[in-house]
2 protein chains.
Amino acid sequence: MKNPVNTSDLLRRHGIRPSVQRIAVMDYLLTHRTHPTADEIYGALAPQIPTLSKTTVYNTLSLFVAQGAVTHITIDPRGSRFDGDTSVHGHFLCTECGGLYDVFFDAPPVLPQVGGGHKTTQAQVYYKGVCAHCGGKDEK
Amino acid sequence: MKNPVNTSDLLRRHGIRPSVQRIAVMDYLLTHRTHPTADEIYGALAPQIPTLSKTTVYNTLSLFVAQGAVTHITIDPRGSRFDGDTSVHGHFLCTECGGLYDVFFDAPPVLPQVGGGHKTTQAQVYYKGVCAHCGGKDEK
DNA sequence: ATTTAAATATGTAATTATTACAAATACATA
DNA sequence: TATGTATTTGTAATAATTACATATTTAAAT
């Protein structure tokens, strides 16, 4: 089996009615941990679902995010990235190649509460720099 | 005086040669703590500098960010926001009104280092939710 | 002061991400 | 099977950002 959990059930648990397209998008996110853009997801799924529309991918991702099934990552100024792993972790963006890597925490960092009467629904930790592959390793 | 520091000197200290346009953009950022978009900055300065081009605003902001004189905030999926305060602090985005607020820390949060040989140049903490003005205060 | 070269700014056109919207299709239920 | 609702699709609009060639300004050299 590709996936340890049943994708339809996962969607239903988030109040999302499964469909061929929704299952495909979620499956793609669960099996590709590259934090893809909507366009990348569309490009990967279109060959298998020839009738797929880019609007559907956007609609689907928007629904997933609204239902808390997917995390919307805004670290990349070139466009939105999406993560099927909604657990608490950070993200590192390589500003050279655009690669986006997970940064898992031994213990989640303690972030101060937001004051001023604002109601926080989510906190995210973003790192930017140059990834090991692009040369971050060697250069001092 | 509007500004405690001389804007030209501030630019020079970051290796940026001052110009009428650059001073105006930096001044705007230093006196307006709303984390404006390029478009907002252009709209605010255009009346005073009639020849100002939007491309210049983009070029200028890009230069400021590259030289570390301004922070590029990517929390808002609708577009890039900019902050003339480069000190360590977080940001809260109201997903209703788009308002972007500073979150100052008593002590900077301890963020785990990024492993994997990646070279980190910057870390940012983003919060999302509903601001006090939009109703975050009342609603449980 | 004048010339010259380099840096900066401008305007227009392209690119790209995302959304709006109306029509078509699929789905679930009576 | 009929009917209403949800979902998907395609096209067109919107908006942010970049590319690029030209014009202007600045600084240095003569």
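This report covers the fold of chain A, its pairing with chain B, and the surface near DNA strand D.

The model is predicted: local features need pLDDT of at least 70, side-chain atom pairs count only at pLDDT 80 or more, and totals for chains, interfaces and linings use all residues. Residues are numbered from 1 along each chain as its sequence is written, while chains are lettered from A and ligands numbered from 1 in the order in which they are written.

**Chain A**

Chain A holds 4 helices and 5 strands. Helices (H or I, at least four residues) and strands (E, at least two) are DSSP runs, numbered from the N terminus. Along the sequence the pattern reads α-α-α-α-β-β-β-β-β. The C-alpha atoms fill a box of roughly 50 × 40 × 30 Å along the principal axes. Chain A has 140 residues, and 34% of them count as buried. Buried means 20 or more other C-beta atoms within 10 Å of the residue's own, exposed means 12 or fewer, and partly exposed lies in between; C-beta atoms are placed from the backbone.

Two residues are in contact if their C-beta atoms, placed from the backbone, lie within 7 Å. Take the contacts in chain A between residues at least 6 apart in sequence: 49% of them join residues at least 24 apart.

Chain A splits into domain 1 (7-70) and domain 2 (81-134). These bounds come from an automatic or database domain assignment. The two domain centres, taken over C-alpha atoms, are 21 Å apart. Their contact takes 11 residues from domain 1 and 7 residues from domain 2. On the domain 1 side, H2(A) gives the largest share, 3 residues. That side divides into 6 nonpolar, 4 polar and 1 charged. Here Ala, Val, Leu, Ile, Met, Phe, Trp, Tyr, Cys and Pro count as nonpolar, Asp, Glu, Lys and Arg as charged, and the others, Gly among them, as polar.

**Chain A against chain B**

The contact takes 33 residues from each of chain A and chain B. On the chain A side, strand E4 (100-103) and strand E5 (119-130) are the elements that give two or more residues. E5(A) supplies the largest share, 12 residues. By class, this side has 18 nonpolar, 11 polar and 4 charged residues.

A turn of 180° and a shift of 0.0 Å along the axis lay chain A on chain B with an RMSD of 0.0 Å. This is the relation of a two-fold axis. In chain A, Val125(A) has the C-alpha nearest the axis, 2.4 Å from it. Superposition is by least squares on the C-alpha atoms of residues with pLDDT of at least 70 in both copies. Because 97% of the interface residues of chain A are also interface residues in chain B, the copies meet through the same surface.

Two strands pair if DSSP finds at least two bridges between them. The table lists two pairings that involve E5(B).

| Strands | Bridges | Direction | One bridge pair |
|---|---|---|---|
| E5(A) and E5(B) | 11 bridges | antiparallel | Val125(A) and Val125(B) |
| E3(B) and E5(B) | 4 bridges | parallel | Phe92(B) and Tyr127(B) |

In the pairing across the chains, Gly129(A) also stands opposite Thr120(B).

**Near DNA strand D**

Which residues are closest to DNA strand D? They are Ser19(A), Ser53(A), Thr55(A), Thr56(A) and Ser80(B), out of 22 residues that surround the strand. Near means a C-beta atom, placed from the backbone, within 6 Å. H2 (20-31) and H4 (54-66) of chain A, with H3 (38-45) and H4 (54-66) of chain B, each supply at least two residues. H4(A) gives the most, with 4 residues. By class, the surface has 5 nonpolar, 12 polar and 5 charged residues.
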